[in-house]
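User: I should like to learn how to read the features of a two-chain model, beginning with its overall organisation and ending with its charges. Please give the general idea each time, and then the case at hand.

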Amino acid sequence: MVNTGEVSFLSEFQFIIFVKMNGVTSDRDVSDVNEDFQLDGGQMNDLLQQLETYTPVIPDGVARHYLNRAGVNTTDPAVVRLIALASQKFISDIVNDAMQLNRMKGSSQTSRGGKKEKRSLLTMEDLLPSLAERGIKVKKPSYYP
Amino acid sequence: MASEVLSPENGFRQSLTMAVAAICLECGFESTENIVLETLTEMLQSYLTEVGNSTRAYYEHSGRTIPTDKDVIFALSEMGFRNKSLLQYSRRGKRINIGQIVKTVDTSNPPVLQVGKSKGFPTYVPENHKYPHFPDPHSYIRTTTGQKPETDYVILREQASAQKRDVERALTRFVARTGRSHPLLPDDKNAFPLIEAQPHLIPYLNALLPSEHETLKLFEATNDQNNEQKE
């Protein structure tokens, strides 16, 4: 129940972002309690074994630092990696959706030109709708003061 | 503004930004806008903190001080995260690794001396649990010691008389040993030592002189008389 937030910018390079993750539920959350999305016990063991070999992109020390900030006292690397992996997947899903949006826009443009676009740039234009699907509202200032 | 940003905190933030950049690279983007990177970094930091907070709430609610994997799963479910997709995600092919942070040597705590064998867990706790072990049993398990007092009259009488005899004997031997003693048996000087009697030069003097208590009473009486005469 954390999917609603507000991000506002004061300037492009020096900004203060307020992300409020409060207890407001969106329509998607009701279906997520469905058992199809949860892990069995056996799958849990598989996941933990995977984590021993696979290091998430977020380094262990960094994740542990932010968890300590939140008050979690842990020496178990499995827990730290699990949280790091979940956070990585969270961001990865958003960026993947943005990628698909980018490709759709790109395909509609290149059907006219026929040239392959080599550089793929992630812009706020692609990110904003992706975030809006998850209930995170981002406001960007239209000018740099 | 720059002075408010602590440099270790900044370092952690920068490594988060690098992680976000690696994720974008993995998804196929070759470059991003600066503002996008900052947004995603902030979101990642908030998400990590939020999951940490929820996990802490769950394990503290169960009365534990160390998180287990179940706590994390509950926290993620509460935030609307689809846990099942984690398994597939962890198995995916192309991955980008940005390397671990090189740590300075940790001063590890010396192991605490363990006295006795700590209690085992009940059978319904699974084998792969990560719960902390029980503390030393003497610190929280207490068995009362002592005997019930005797109530039988016969035994109590016997014990009382034996104690009285033992006390008298011990006391007399002590005084005889430490003071002047007179042996009972001429052969064995230490078997039955008796306290030596010390006769006074004038034996009847003690009976004639008043005791201290009587002296004090006499003194007070004469004082009262003198006071009355003066008035």
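Analyst: The discussion below takes up folds, burial, salt bridges and a charged patch in turn. This is a predicted model, in which local features need pLDDT of at least 70 and side-chain atom pairs count only at pLDDT 80 or more, whereas totals for chains, interfaces and linings use all residues. Residues are numbered from 1 along each chain as its sequence is written, chains are lettered from A and ligands numbered from 1 in the order in which they are written, and side-chain values use heavy atoms, without hydrogens and water.

User: How many helices and strands does chain A have, and which pattern do they follow along the sequence?

Analyst: Helices (H or I, at least four residues) and strands (E, at least two) are DSSP runs, numbered from the N terminus. Chain A contains five helices and three strands, arranged in sequence as β-α-α-α-α-β-α-β.

User: What is the secondary structure of chain B?

Analyst: Chain B has seven helices and three strands. Starting at the N terminus, its order is α-β-α-α-α-α-β-β-α-α.

User: How is burial to be read, and what share of the residues in each chain is buried?

Analyst: A residue is buried under 20% relative accessible area, exposed over 50%, and partly exposed in between (1.4 Å probe, protein chains only). In chain A, 46% of the 145 residues are buried; in chain B, the buried share is 23% of 231 residues.

Accessible areas come from the Shrake-Rupley method with a 1.4 Å probe, and for residues only the protein chains shown count as cover. The accessible surface is about 8100 Å² for chain A, with 50% belonging to carbon and sulfur atoms. For chain B it is about 17900 Å², and carbon and sulfur atoms supply 56%.

User: What do the contacts say about sequence separation?

Analyst: A contact means heavy atoms within 4.5 Å. Of the contacts in chain A between residues at least 6 apart, 58% join residues at least 24 apart. In chain B, residues 24 or more positions apart account for 31% of contacts with a separation of 6 or more.

User: How many salt bridges does the structure hold over all chains?

Analyst: A salt bridge is a side-chain nitrogen of Lys or Arg within 4 Å of a carboxyl oxygen of Asp or Glu. The structure holds ten over all chains.

One of them joins Arg81(A) and Asp60(A), whose closest N and O atoms are 3.2 Å apart. This pair links distant parts of the chain, 21 residues apart: Arg81(A) is in helix 4 (residues 77-113) of chain A and Asp60(A) in helix 3 (residues 60-70) of chain A. Both Arg81(A) and Asp60(A) are buried.

User: Where do Lys89(A) and Asp93(A) lie relative to one another?

Analyst: Because they are four residues apart in helix 4 of chain A, Lys89(A) and Asp93(A) are separated by about one helical turn. Their salt bridge has its closest N and O atoms 2.8 Å apart. Lys89(A) is buried at 9% relative accessible area, while Asp93(A) is partly exposed at 25%.

User: Which parts of chain B does the bridge between Arg13(B) and Glu42(B) tie together?

Analyst: The side chains of Arg13(B) and Glu42(B) form a salt bridge of 2.9 Å, N to O. Arg13(B) lies in helix 1 (residues 7-27) of chain B and Glu42(B) in helix 2 (residues 34-61) of chain B, so the pair ties together parts 29 residues apart in sequence. Glu42(B) counts as buried, at 15% relative accessibility.

User: Which residues gather in the patch of negative charge on the surface?

Analyst: Patches are made of residues with over 30% relative accessible area and no salt bridge; like charges are joined within 9 Å. The residues are Glu220(B), Asp224(B), Glu228(B) and Glu231(B). Glu220(B) is located in helix 7 (residues 212-230) of chain B and is partly exposed, with a relative accessible area of 46%.

Key
Patches are made of residues with over 30% relative accessible area and no salt bridge: like charges are joined within 9 Å, nonpolar side chains (Val, Leu, Ile, Met, Phe, Trp, Tyr) within 5 Å. Lys and Arg count as positive and Asp and Glu as negative; His and the chain ends are not counted. The place of a charge is taken as NZ of Lys, CZ of Arg, CG of Asp or CD of Glu.
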